Amino acid sequence: MKAFDYLRPSSIAEAVAAAGRPGAAYLAAGTNLVDLMKGGVTRPDTLVDITRLPGLDRIERRANGTTRIGALVRNATLAHDPVIARRYPALAEALLSGASGQLRNAATTAGNVLQRTRCAYFTDTASACNKRDPGTGCDAQGGVTRAHAVLGWSQHCIATHPSDFCVPLAALDAVVEIEGPAGPRSVPLDAFHRLPGDHPERETVLEPGDLVVAVTLPAEAETFAGHSRYLKVRERTSYAFAVVSAAVGLRLDGDRIAEGRIALGSVALKPWRAREAEHLLAGAAPTPEIFARAAEAALADAKPSGDNAYKIELARRIVVRALTLAVAGTPDRVPALPASPFATPSAGVSAHA
Amino acid sequence: MSFPITLTVNGTARSIVLEDARVTLLDLLRERLDLTGAKKGCDRGQCGACTILIDGVRVNSCLALAVSHDGAAITTIEGLAQNEALHPVQAAFLEHDGFQCGFCTPGQILSAVGLIQEGQTGGDPERVREGMSGNLCRCGAYAGITQAVLMAHAQMTGPDVLPGRQIAEDAA
């Protein structure tokens, strides 16, 4: 690991000023950053430790029905918070399906949103990677590509975004709150991460010094609580990144779907909101046929970036499965194996209806 | 540049001057404080052998920069037993053969202590296995580990309480 200077600012303004300098990086839990620094993938000159900044570790339920999640709220704290578990069950299930107990205890809300791709060619400093070293090429292409992107990729980068948490956040229209040199601003999570295009090194809309201070869920996000699921196919059932995942939420009106939400994970360099598919669901009866059509629409633009054509059909099927389980009702409690497509939903009436 | 920090390690206050901000809690415990119970397996947050409790919560000490944890209370395997009396999780690992070579064992035990305190598993073996998935055991002692955690859980918590029930009642 390269040597670095260490700063511990006591206010957001101080932090933003310190992190605006070239070579600076914010440190929260470090579960991703320290790992990348050990591998020489990331080589900051200065770490700006934000773990002591006041006011960033709260979950706030506001009078207007929104829920504001502070940047430093730990993944485990968030997943087990009664308000989160009851009102946004897919969010809790996604969090609990990710990483390990130890990592969830440390990893933060903002750190999860900002985590880097797990593309092996990005983390292997002997490989060419346009994201790590712009303009050097992409050794992933023509390499081992089973897990790579099938949507939104470019000739310069075929990596995926690894977060589980971001998938339901995208489906629920979450908003990222940012403090920066130019003051505060808010960006929808769906517009926060960038697709690779010609500049895969630009991963988000953040500018130097910008600090994510919170993620906020709008009031209508909880209207999907009764019929929500996050499903995740992995190569082992626990402590593994998704091959493909899907977050869905349905608001039912009698025997019709008033509104449906669908987002896919690990198919692109950002959580992938499937708005065309959602339009098909609106006003329709929740039948296998409409779910199949929605799945077709969600993957209509997909194309393999290597040996990963299977992910397209897998994604369609996981969308259908997630919608089918969501209609049956959100389980009373996150299943023992969170987000597993092999776990059966618990019997009985949903506590979320 | 040097960084003075204080930690409470297994109940004892320690003042340490770090000459380099790169030091992880794992390296600090092993190289500076002679507490070699926490093991360096992968050193990348993947194996769980370095698991310790920070302020009562289980984490991977290999990814925790010491300088960022100034003021924290640390518990390692060396701090679990009370004099000659083993912690219930330690005793349960002996009772159920929850190890073979022993390299992963300190991390397994600290992870189990943390898991039981988190209170999410009840007596469900599936939830215990899922909750312990961040601790790898190359000897494959998983069956004994699960039994040991269930036994210790029963001893430490008494009658089975499912936290999910409380949430359901709140919603009603």
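Here are legends for a set of close-up views of a predicted model with chains A and B.

**View 1. Chain A as a whole.**
We start with the full chain before zooming in. Chain A carries 12 helices and 12 strands. Its C-alpha trace spans about 60 × 50 × 35 Å along the principal axes. For 353 residues, a compact globule would come out with a radius of gyration near 20 Å, and chain A has 20 Å, so the two agree. Buried residues account for 54% of the 353 residues in chain A. If you take the contacts in chain A between residues at least 6 apart in sequence, 64% of them join residues at least 24 apart.

**View 2. Where chain A touches chain B.**
Here 31 residues of chain A are in contact with 34 residues of chain B. On the chain A side, the elements giving two or more residues are strand S1 (5-7), helix H2 (33-38), helix H4 (82-87) and helix H6 (101-106). Which of these elements gives the largest share? That would be H6(A), with 5 residues. Sorted by class, the chain A side has 14 nonpolar, 10 polar and 7 charged residues.

**View 3. Helix H5 of chain A and its surroundings.**
How many of the 8 residues of helix H5 (residues 89-96) of chain A are buried? The count is 8 of the 8, so H5(A) is largely enclosed by the rest of the structure. The run goes Pro89(A), Ala90(A), Leu91(A), Ala92(A), Glu93(A), Ala94(A), Leu95(A) and Leu96(A); so if you are scanning for the charged side chain in that list, Glu93(A) is the one to look up, since Asp, Glu, Lys and Arg are the residues that count as charged. What covers the buried residues of H5(A)? The cover includes helix H3 (75-80), H4, H6, helix H9 (166-171), strand S9 (228-233) and strand S10 (244-253) of chain A.

**View 4. Ile84 in helix H4 of chain A.**
Ile84(A) sits in helix H4 of chain A. With 21 other C-beta atoms within 10 Å, Ile84(A) is buried, because 20 or more is the cut-off. Setting aside neighbours within four places in sequence, Ile84(A) is in contact with Ile59(A), Leu78(A), Ala79(A), Leu91(A) and Ala92(A). Two of those partners, Leu91(A) and Ala92(A), are also listed among the buried residues of H5(A). For a sense of scale, the C-alpha atoms of Ile84(A) and Val205(A) are separated by 27 Å, with their positions 121 residues apart along the chain.

**View 5. Helices H11 and H12 of chain A.**
The axes of helix H11 (residues 288-298) and helix H12 (residues 310-328) of chain A come within 9 Å and cross at roughly 140°. That angle makes H11(A) oblique to H12(A), because the roughly antiparallel label is kept for angles over 145 degrees. The crossing of H11(A) past H12(A) is right-handed. From H11(A), the residues in the contact are Phe291(A), Ala292(A), Ala294(A), Ala295(A), Glu296(A) and Ala298(A). They meet Arg316(A), Val319(A), Val320(A), Leu323(A) and Thr324(A) in H12(A). By class, this contact has 8 nonpolar, 1 polar and 2 charged residues.

**View 6. Helices H3 and H5 of chain B.**
Over in chain B, helix H3 (residues 105-118) and helix H5 (residues 142-157) pack at an angle of about 40°, with their axes 10 Å apart. H3(B) is therefore oblique to H5(B). This crossing is right-handed. Gln108(B), Ala112(B), Leu115(B) and Ile116(B) in H3(B) meet Ile145(B), Val149(B), Ala152(B), His153(B), Met156(B) and Thr157(B) in H5(B). The contact divides into 7 nonpolar, 3 polar and no charged residues.

**View 7. Two loop residues with positive phi.**
Asp173(A) has a phi near 60°, a positive value in a residue other than glycine. Its place is the loop between H9 and strand S6 (175-180) of chain A. Is Asp173(A) buried, exposed or partly exposed? With 16 C-beta neighbours inside 10 Å, Asp173(A) counts as partly exposed. In chain B, Asn83(B) also isn't a glycine, yet has a positive phi of about 55°. Asn83(B) lies in the loop between strand S5 (73-75) and helix H2 (88-95) of chain B. Asn83(B) has 4 C-beta neighbours inside 10 Å, so Asn83(B) counts as exposed.

Terms used
Residues are numbered from 1 along each chain as its sequence is written. Chains are lettered from A and ligands numbered from 1 in the order in which they are written. This is a predicted model: local features need pLDDT of at least 70, side-chain atom pairs count only at pLDDT 80 or more; totals for chains, interfaces and linings use all residues. Two residues are in contact if their C-beta atoms, placed from the backbone, lie within 7 Å. Helices (H or I, at least four residues) and strands (E, at least two) are DSSP runs, numbered from the N terminus. Axes are lines fitted to C-alpha atoms, for helices over the stretch in contact, and angles run from 0 to 180 degrees between N-to-C directions. Angles under 35 degrees count as roughly parallel, over 145 as roughly antiparallel, 65 to 115 as roughly perpendicular and the rest as oblique. A crossing is left-handed if the near helix is turned anticlockwise from the far one by less than a right angle, and right-handed if clockwise. The radius of gyration is taken over C-alpha atoms; the globule rule is 2.2 Å times the number of residues to the power 0.38. A residue is buried if 20 or more other C-beta atoms lie within 10 Å of its own, exposed if 12 or fewer, and partly exposed in between; C-beta atoms are placed from the backbone.
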